[in-house]
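Good morning, and thank you for coming. Please have the sequence and the structure open while I speak.

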2 protein chains.
Amino acid sequence: MPGDAGDTAPDRLTPVLRPVRAGNGFEEALEQILQVVRLGLVPDGGRLPAERVLAERLGISRVTLREVLKVLQDQGLVESRRGRYGGTFVLPRPRGGAAGGEDELRRRVAGVDVEDVLRFREVLEVGAAGLCAAHGTGGERAGRLRAALAATRDAPLADYRRRDTLLHLTLAELSGSPTLAAQYAAVRATVNDLLDCIPLLVRNLEHSQRQHDALVEAVLDGDADAAREIMREHCAGTAALLRGFLT
Amino acid sequence: MPGDAGDTAPDRLTPVLRPVRAGNGFEEALEQILQVVRLGLVPDGGRLPAERVLAERLGISRVTLREVLKVLQDQGLVESRRGRYGGTFVLPRPRGGAAGGEDELRRRVAGVDVEDVLRFREVLEVGAAGLCAAHGTGGERAGRLRAALAATRDAPLADYRRRDTLLHLTLAELSGSPTLAAQYAAVRATVNDLLDCIPLLVRNLEHSQRQHDALVEAVLDGDADAAREIMREHCAGTAALLRGFLT
DNA sequence: AAGCAATGGTTCCCCGCCATACCTTATGGC
DNA sequence: GCCATAAGGTATGGCGGGGAACCATTGCTT
C-alpha cells in the first residue's frame, strides 16, 4: 500500500477535532444562559444584561437571542419588562418541579461522563487553589475571597449551593487565568446538575464548611501545598458522594 | 432606582458568557486543522482524514471544509491527491519562512494572554500527571507512555518539539478525562506557537529530557505526589523561559 | 408637562452554510 | 483488461441566522 509510511495513528486526532459548534447557535446560547441561571450568577429577581449587550457577548444576533429568551419566558424562568430600567429578569424557581424541570434535568445529565467531569473538576479546583495561594492575593482580592466565604456561612439551606458555587468561582477567577475560570464555570454547571440529582446531606455541608475555612486560610497564608491538599480532599468528598449515588 | 435590589454584580458573567462561536465556521475549522498540524499529530507527508470524514468530525459541510483546505493548499501547507488511496497530505514546512509564515505566527501570538496560557497549562499538566499516577496505568497504557518517552529520546532536533508534544498529549489522554485532553491540546497548540517565537536551547532540552524520564517513572510507580512535583518544575522551566523572552 | 434615554418588540433583506447529488481520477483485485 | 472502490472535484437549491433600521413603552430629568 503506497503512502503507508505517512499514515496517521487512528484516533490521535480525537482530542482536537471536536465539532466546531455544539448544535446551532440557538441551542448553545440557550445552554449558556441556563448556565448563568444554574450557577446562580444572577440571583432570583436579578436582571440579565440588556438584549443588545447579551447578544454581542454571546456572538449571536439579537433576533436569535430573542428566540432563546422567548423559550425561557414560556417556561416561566424569566420575565421581560419594557421601558427604561426594564430588562429581562430571572424569576424565582417555581418550587416542587411543577413545570417538569425534573425531566429536563434527567435529560441533561443523561449524556454526562461522570468520571470525566469529576476528574476535570478536581484538576481545575486544585490548580486554582494552588495558583491563588502561590501568587498572592492582594488586598482587594483577599476581601472578595473572605466575603464569598462569609456568604456561605450564613446561607439559608436553599441558597447554599449557589453561594458555594460563587465561592469556588471566585477562587477560579482569582487564579489569574481567565481560561481556567471559564472552564471551571462550565464544568461546575455540570457538577451542579449532578448534585441536583442526589439528596442534600447536612452533615456534608458542615464538613464542607470546615474545609472552606481551612482552604481560604491556607490561600491567604500563601501556603500553596496546603491549599492544594485541602482542595483535593474537598473535591474527593463530593466525588465520592456522586460516585456513590449515581450508580 | 427600582429593581436595584436585584441588580447583578457587573462582570460576574464574564467567565460564562463567551461567544458561542469564535468567528464563523470556516475560521474555526481552519484553526482546528492548523492545530492538528501545529501539534504534529499528522507528521510531514502524513494524510489527513478524508474530506467526508473530516467534515463530519468538525461538524461542518464538505463544501465549507473544502474552502478551508483550499486556503491551506494555496499556502503550500497541504496537497490533495485524487483517486483511491488519495487524500489530503501534509507537506514538509518550507524551511526559512519563505512563505511569510513568520508574520502569520506573529499575528496569532499577538493577542495571546501569556500568563493565562502558562498558568492554565501548568494546571492541566500537573493535574494530568497526578491523575495518571493515581489511578494506575494498565499494561497497554504504560506501553503507550513508554513508547512516547522513547520517541523523544532519539529525536532529531527538528522533530523534538513534535514528539515532546505527543508525550505530553499522551499523558493527558491517559488521565481518563477526555475534556482535560481536549483542553490540553488546545492550550498546547498555543504554547507551541509561543515556543516558536523563541530560540531553542539544547541545554534546556537535556534538562527536559531528564525531567521526562523522572516523570514517567513516577507515574508508572503510581507516585502521584512525585509526578505532580516533577511536572510542576517542568512547566515552571518552560514558563520562566517564555516569560523571559517574551518581554 | 415635555423631552430624553434605555430598554424590549418587529420587520426586512441578504449571505453563509448545508444537504444532496453527481462527475472525475486513481488504484487494486478479479 | 475490466470494474469495483475510495478518494477528491463540482453544481444547485434551500434556509437559518445576521445586520440594520425602525417602532413602542417606560421612567427619570428638567
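Gly136(A) follows helix α5(A) and has a positive phi, near 75°. I should say at once that this is a predicted model. The helix that precedes this glycine, α5 of chain A, covers residues 114-134. From the first C-alpha to the last, its 21 residues reach 30 Å, close to the 30 Å expected at 1.5 Å a residue. At the N-terminal end, α5(A) is capped by Asp113(A), which places a side-chain oxygen 3.3 Å from the backbone nitrogen of Glu115(A). Is the helix mostly covered or mostly uncovered? It is mostly covered, with 17 of the 21 residues of α5(A) buried.

Helix α8 of chain A, residues 178-195, can be described in similar terms. It has 18 residues and reaches 25 Å between its first and last C-alpha, close to the 26 Å expected at 1.5 Å a residue. Helix α8(A) is also mostly covered, since 15 of its 18 residues count as buried under the 20% limit.

I turn now to the sheet of chain A. Three strands form an open sheet in the order β1-β3-β2, and the pairing is antiparallel. Its edge strands are β1 (47-48) and β2 (78-81), each of which pairs on one side only. Between β2(A) and strand β3 (residues 87-90) there are four bridges, and these two strands run antiparallel. In this pairing, Ser80(A) is opposite Thr88(A), and Arg81(A) is opposite Gly87(A). The hairpin formed by β2(A) and β3(A) has five residues between its strands, and there Gly83(A) takes a positive phi near 85°.

Next comes the DNA, and specifically strand D. Which residues come nearest to it? Of the 24 residues around DNA strand D, these are Thr64(A), Arg84(A), Arg52(B), Arg62(B) and Arg66(B). Two of these five can be described through individual atom pairs. Arg84(A) has a backbone N or O atom 2.8 Å from a base oxygen of DNA strand D. Arg66(B), by contrast, has a polar side-chain atom 2.3 Å from a phosphate oxygen of DNA strand D. A further pair involves Arg84(B), where a polar backbone atom is 3.4 Å from a base nitrogen of DNA strand D.

The elements giving two or more residues to this surface are α3 (62-74) of chain A and, from chain B, α2 (51-58), α3 (62-74) and β2 (87-90). The largest share, three residues, comes from α3(B). By character, the residues of the surface near DNA strand D are six nonpolar, eight polar and 10 charged. On the DNA side, 67% of the atoms of strand D within 4 Å of the protein belong to sugar or phosphate, and the rest belong to bases.

My last point concerns one residue of chain B. Thr152(B) lies in helix α6 (residues 139-153) of that chain. Why does Thr152(B) count as buried? Its relative accessibility is 1%, and buried means under 20%, so Thr152(B) falls in that class. The side chain of Thr152(B) reaches the backbone oxygen of Leu149(B) at 2.6 Å, and it also makes a polar contact of 3.1 Å with the side chain of Gln209(B). Leaving aside residues up to four places away in sequence, Thr152(B) touches Tyr160(B), Arg163(B), Asp164(B), Leu167(B), Gln209(B) and His212(B).

Thank you; I would be glad to take questions.

Key
Residues are numbered from 1 along each chain as its sequence is written. Chains are lettered from A and ligands numbered from 1 in the order in which they are written. This is a predicted model: local features need pLDDT of at least 70, side-chain atom pairs count only at pLDDT 80 or more; totals for chains, interfaces and linings use all residues. Side-chain values use heavy atoms; hydrogens and water are left out. Buried means under 20% relative accessible area, exposed over 50%, partly exposed in between (1.4 Å probe, protein chains only). A polar contact is a pair of N or O atoms within 3.5 Å; within protein, one must be able to donate a hydrogen and the other to accept it, and residues adjacent in sequence count only if both atoms are side-chain atoms. Contact means heavy atoms within 4.5 Å. Two strands pair if DSSP finds at least two bridges between them. A residue is near a molecule or strand if one of its heavy atoms lies within 4 Å of it. Ala, Val, Leu, Ile, Met, Phe, Trp, Tyr, Cys and Pro count as nonpolar, Asp, Glu, Lys and Arg as charged, and the others, Gly among them, as polar. The expected span of a helix is 1.5 Å times one less than its number of residues.
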